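Okay, thanks for coming, everyone. I'd like to walk you through one structure today, so let me put the sequence and the model up on the screen.

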Amino acid sequence: MRQGEHFLEIDVADNDSVTTAAREFSNIEDHLDVLVNNAGIIVDGDSAILEISDDLFRNTLETNTLGALRVTRAFVPLLSKSKSPTGGLMVGRRLYCISKTALNGVTSQLATALPKFAVNSVCPGWVRTEMGGENASRSVEEGADTIVWLASDAPQNVTGKFLRDRKEIPW
Ligand SMILES: NC(=O)c1ccc[n+]([C@@H]2O[C@H](COP(=O)([O-])OP(=O)(O)OC[C@H]3O[C@@H](n4cnc5c(N)ncnc54)[C@H](OP(=O)(O)O)[C@@H]3O)[C@@H](O)[C@H]2O)c1
């Protein structure tokens, strides 16, 4: 770990974990420049839409959709203290698709509620991670490109969008 780097464990599906992490972060740093909501899951059994149980549905939205909202909620006070013009961004089978479509809705609402921030969702493409598997077409660096661009060089008026390869796409 380099000097000035800190790692905080967060379970985005647990609100206490999220608020504790935000409190711990505020003891270390007085502001946050960029928030990347990267956590996401695909649960076993996410195949036939009519066979998905209520519990599976809730678990997936708890992490993929509500998780991003509650982390943003907890860290907005720290983002608000950032001197950077860009305050934050968001990334991101059947149930999985529903949760990510709902996440785009959350992103759109957050962008309206937080006009001083850039709030966006990102499709990284098919990426060689644990989720994507070794046959995926993109490296982690390629998958992260739009996220890093949004966090650094993108125009500040890009907000409330769903992007892939630095361009807005429909959802
Ligand atoms: N890979 C792809 O092809 C692809 C395509 C489109 C979108 N995405 C999205 O990109 C993001 C990153 O995916 P990935 O490919 O890196 O997936 P991954 O290899 O499965 O990693 C998922 C990450 O999410 C974390 N996570 C899961 N549940 C969490 C929770 N409740 N609280 C905190 N962290 C949690 C995991 O942490 P632990 O390891 O500690 O559990 C892990 O770091 C996800 O939102 C995914 O939906 C990926």
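I'll take the domains and the ligand to begin with, and then go through some single residues.

One thing to keep in mind throughout: this is a predicted model.

So, the overall layout. The protein is divided into two parts, domain 1 covering 1-89 and domain 2 covering 90-171. If you take the C-alpha centres of domain 1 and domain 2, they lie 14 Å apart. As for the contact between the two, domain 1 puts in 31 residues and domain 2 puts in 24 residues.

Now, where does the ligand lie relative to domain 1 and domain 2? It lies between them, because both domain 1 and domain 2 give residues to the shell around it. That shell has 20 residues, and D11, V12, Y96, V127 and T129 are the ones that come nearest to the ligand. If you sort the shell by residue type, you get 10 nonpolar, 7 polar and 3 charged.

Let's look at the polar contacts here. Take D11: a polar atom of its side chain is 2.7 Å from a nitrogen atom of the ligand. Then there's Y96, where an N or O atom in the side chain is 2.4 Å from an oxygen atom of the ligand. And with M131 the backbone is involved: one of its N or O atoms lies 3.2 Å from a ligand oxygen atom. How much of the ligand's accessible area does the protein cover? On its own the ligand has 890 Å² of accessible area, and the protein covers 66% of that.

Okay, stay around D11 for a moment, and bring in S17. S17 is in helix α1, which is residues 15-28. Buried or exposed, what do we call S17? S17 counts as buried, because its relative accessibility is 16% and the cut-off for buried is under 20%. Its side chain reaches the backbone nitrogen of D11 at 2.8 Å. So on the D11 side of things, we have the side chain with a polar atom 2.7 Å from a ligand nitrogen, and the backbone nitrogen reached by the side chain of S17. Setting aside neighbours within four places in sequence, S17 is in contact with E9, I10 and D11.

Next up is helix α2, residues 54-79, and that's where R70 lies. R70 is an arginine at 7% relative accessibility, so it counts as buried. What does R70 touch, not counting residues up to four places away in sequence? The list is V12, A13, D14, N15, V18 and E62. V12 should ring a bell, since V12 was among the residues that come nearest to the ligand. For a sense of scale, R70 and I28 are 42 residues apart along the chain, and their C-alpha atoms are separated by 21 Å.

Also in helix α2 we have T72. T72 is buried, with a relative accessible area of 6%. Its side chain reaches the backbone oxygen of A68 at 2.7 Å.

Compare that with S152, over in helix α4, residues 140-152. Here the side chain reaches the backbone oxygen of V148, at 2.6 Å. But S152 is partly exposed, at 44% relative accessible area.

In between there's helix α3, residues 94-113, which holds G105. G105 counts as partly exposed, at 25% relative accessibility. The C-alpha atoms of G105 and G143 are separated by 22 Å, with the two positions 38 residues apart along the chain.

Last stop, and it's a backbone one. Most residues other than glycine have a negative phi. Now go to the loop between β4 (162-164) and β5 (167-168), where you'll find D165. D165 has a positive phi of about 50°, although it is not a glycine. R166 lies in the loop between β4 and β5 as well, and its phi is also positive, near 65°. What about accessibility? D165 counts as partly exposed at 40%, and R166 is partly exposed with 39%.

To wrap up, the picture I'd keep is a ligand lying between domain 1 and domain 2, with D11 among the residues that come nearest and S17 reaching the D11 backbone nitrogen. Right, that's me done, over to you.

Conventions. Residues are numbered from 1 along each chain as its sequence is written. This is a predicted model: local features need pLDDT of at least 70, side-chain atom pairs count only at pLDDT 80 or more; totals for chains, interfaces and linings use all residues. Side-chain values use heavy atoms; hydrogens and water are left out. A residue is near a molecule or strand if one of its heavy atoms lies within 4 Å of it. A polar contact is a pair of N or O atoms within 3.5 Å; within protein, one must be able to donate a hydrogen and the other to accept it, and residues adjacent in sequence count only if both atoms are side-chain atoms. Accessible areas come from the Shrake-Rupley method with a 1.4 Å probe; for residues, only the protein chains shown count as cover. Ala, Val, Leu, Ile, Met, Phe, Trp, Tyr, Cys and Pro count as nonpolar, Asp, Glu, Lys and Arg as charged, and the others, Gly among them, as polar. Domain bounds come from an automatic or database domain assignment. Helices (H or I, at least four residues) and strands (E, at least two) are DSSP runs, numbered from the N terminus. Buried means under 20% relative accessible area, exposed over 50%, partly exposed in between (1.4 Å probe, protein chains only). Contact means heavy atoms within 4.5 Å.
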